[in-house]
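Visitor: I would like to go through this model term by term. Please show it to me first.

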Amino acid sequence: MTSRILGSLGRFFITAGIVILLFVAYQLWGTGLQEASAQSDLGSDFDELLDSVDPTPATTTTSTTTAPLGSTTTTTTTTTIPEAGGTIPVIETALAEKLFREGGEAIARINIPKIRVNKIVVQGVQVEDLRNGPGHYRATVFPGQEGNSGIAGHRTTYGAPFNRIDELVPGDEIRVTTVQGEHLYRVLPAGEAYAPDALGTLGADFAIPEGQEDLGHIIVGPSATWVLGDFGDDRITLTACHPKYSARQRIIVAAELVSEAVSTPDAPESYSTEDKIELPSEDLASEATGEDSVDAQIVSAPAADPTDTPPTDSAAEDTIATDEVSLDEGLDGDKDALRPAILWGLLATAVYIFFKELASRWKRWPAIALGLVPVIVLMSLSFEKIDRYLPAG
C-alpha cells in the first residue's frame, strides 16, 4: 500500500512538473508567436493607413468669388493633407478619423534603434491590447503632439517590446511614425525629466535618488499616474513592469520631442472613449501598502523597499484627473480570468484521465493518439487564461 501511494505521488508530481514547464514554455515562446502574428497583421494595416494619407504638401487656401450686385458671394476653403513624415498644420475630419482609432487598432510605429525595437503601437492598454504590441494610453495625446504621450509594453512576454528599456540612456533616439508624420524623441536624464519644479506642479512629493540623476529611467509604484501628467514640455513616456517577471513596480522612460510638434485635433464624433481607464478611486497615499500596490516614490535600482519611502501627495491624483488613466491597466492582469482558467484546467485533467484509462483497457498507442489533440487544446485554453490572470512581467 505504501509503495502504491508513493508511486502515485511520484507520478503526480512528475506530471505537475511537466505541466508547469509547458506553461513556462507557453509564456516565453508561445506568447511571442501570438504577438508576432498580430504584429504582422497590424503592420499591414498600418502601412495601408499611411498609404491612404494624401501625399501632397499641406496647404489651406481660401478663394472668394464675387457675383454681380444682388447675387450671392461664394467663398471656398480647400485643405490638403501632406504625406506621412511631414508636419500637418491643419487637420481635417478625414485625417482625424485615421488618427483616432478604436481599441486594439494600429495607430503608430515605434522604432528604438538602441534596443532594436520596431513595433506597431495599438490604441489602448487593456490586457488584450498589450498582447498584440505596445499600447497607447488613450487618455494621453498621440505621439508627436504637444504634451505627454504615454505608451505601455511588456518586458518578458508577448514579444517583450520593452524588455531592454532599462538600457536606454540620455540622448538615445526614439522615432514614432503616425499618420501625422515621423516624430523624433531623445531620452531625457531622470534629473531633467523629473526636475523638482516640474514635479511640484504635479503635487508629487519625492526626489530622485542620489547618484541616479543621469539615468535614462526611473522606478515608481504602479499608482504613480503623475508620470503621464503635463510637465510643461512635449514628451513621450514609456512604461513597463519592473523588475522583470514581476508587476510590483513600473520602469519609466521619458524622452523629449525634438522634431516639430503637430496639431492636436478634436476627436471625431464616432470616436469611442468607453474603454478609457480610470484613476484609482482612493488617495494614492492610501494605496501604498500590499505587494501589488506600492507608493509612487522613486526607488533606487536595485530598488530599496518602496514601503520605507514616504507616500506621494494625494494631489498627484488630480494631475490628470480628467484623463482617467492608471498605470495598472493591462499590466496587472485580468482577475476575471481565474475561474475559466480553473475550469479549462479541470476539463483537461478529466479528458487526460479518461484517455489514460482507455489506454489501459483498450490499445495503448491508439488511445494516446486520440487523446493527444483534445488534451493539448484544453491545456492551451487553460494556459491562455492563466497568463491573462497573472500580472505582466
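Guide: One definition to start: buried means under 20% relative accessible area, and exposed means over 50%. Keep in mind that this is a predicted model.

Visitor: Why is Asn148 called buried?

Guide: Asn148 has a relative accessible area of 6%. The cut-off is under 20%. So Asn148 counts as buried. Asn148 belongs to strand β6, residues 148-152. Its C-alpha atom is separated by 6.1 Å from that of Asp230, and the two residues are 82 residues apart along the chain.

Visitor: What makes Gln123 buried?

Guide: Its relative accessible area is 0%. That value is under 20%, so Gln123 is buried. Gln123 is part of strand β4. Between the C-alpha atoms of Gln123 and Gly133 there are 9.8 Å, with 10 residues along the chain.

Visitor: Is Ala195 buried or exposed?

Guide: Ala195 has 17% relative accessibility, and buried means under 20%, so Ala195 counts as buried. The loop between α4 and α5 holds Ala195. From Ala195 to Ile208, C-alpha to C-alpha, the distance is 8.5 Å; in sequence they are 13 residues apart.

Visitor: What is noted about the backbone of Ala160?

Guide: Its phi is positive, about 40°, although Ala160 is not a glycine. Ala160 sits in the loop between β6 and β7. Its relative accessibility is 18%, under the 20% limit, so Ala160 counts as buried.

Visitor: Is Tyr245 buried or exposed?

Guide: Tyr245 has a relative accessible area of 65%. Exposed means over 50%, so Tyr245 is exposed. Tyr245 also has a positive phi, near 70°, and is a residue other than glycine. Its place is the loop between β10 and β11. Pro243 is found in the loop between β10 and β11 too. A cis peptide bond joins Pro243 to His242, with omega about -10°.

Visitor: Why is the pair of Tyr194 and Trp226 called edge-to-face?

Guide: A search of the whole structure gives seven aromatic pairs. In this one, the rings are 5.8 Å apart centre to centre, with 85° between the planes. Centres within 6.5 Å make a pair, and planes over 60 degrees apart make it edge-to-face, so both tests are met. The pair links distant parts of the chain, 32 residues apart: Tyr194 in the loop between α4 and α5, Trp226 in the loop between β9 and β10. Both residues, Tyr194 and Trp226, are buried.

Visitor: What makes Phe354 and Phe355 an edge-to-face pair?

Guide: Their rings are 5.1 Å apart centre to centre, and the planes make 85°. The limits are within 6.5 Å and over 60 degrees, so the name fits. Phe355 has 18% relative accessibility, under 20%, so Phe355 counts as buried. Elsewhere, Phe23, Tyr26 and Phe383 make up one aromatic cluster.

Visitor: How do you know that Arg235 sits over the ring of Tyr194?

Guide: The charged end of Arg235 is 5.5 Å from the centre of that ring. The distance limit is 6 Å, and the charge must also lie within 35 degrees of the ring normal. Arg364 is placed likewise over the ring of Trp365, 5.6 Å from its centre.

Visitor: Which residues have the most contacts inside the largest nonpolar core?

Guide: They are Ile110, Ile112, Ile165, Ile174 and Leu238, in a core of 37 residues. Elements that each supply at least two residues include α1, α2, β7 and β11. Strand β3 gives the most, with five residues.

Visitor: What lines the largest pocket?

Guide: Its lining has 37 residues, and Thr15, Val19, Tyr352, Val375 and Met379 lie nearest the centre. The volume is about 1300 Å³. Helices α1, α6 and α7 each supply at least two lining residues. The largest share, 13 residues, is from α7. By class, 26 lining residues are nonpolar, eight are polar and three are charged.

Definitions and conventions. Residues numbered from 1 in each chain as written. Predicted model: local features only at pLDDT ≥ 70, side-chain atom pairs only at ≥ 80, totals over all residues. Heavy atoms only, no water. 1 Å grid on protein atoms, 1.4 Å probe; cavity = no way out; pocket = protein on both sides within 12 Å on 5 of 7 lines; lining within 4 Å. Points joined across faces, edges and corners; volume = space filled by probe spheres on them. Helix = DSSP H or I, 4+ residues; strand = E, 2+ residues; numbered from the N terminus. Nonpolar A, V, L, I, M, F, W, Y, C, P; charged D, E, K, R; others polar. Phe/Tyr/Trp six-rings, centres within 6.5 Å; stacked < 30°, edge-to-face > 60°. Buried < 20%, exposed > 50% of the residue type's maximum accessible area, 1.4 Å probe, protein only. Core = buried A, V, L, I, M, F, W, Y, C linked by side-chain atoms within 4.5 Å.
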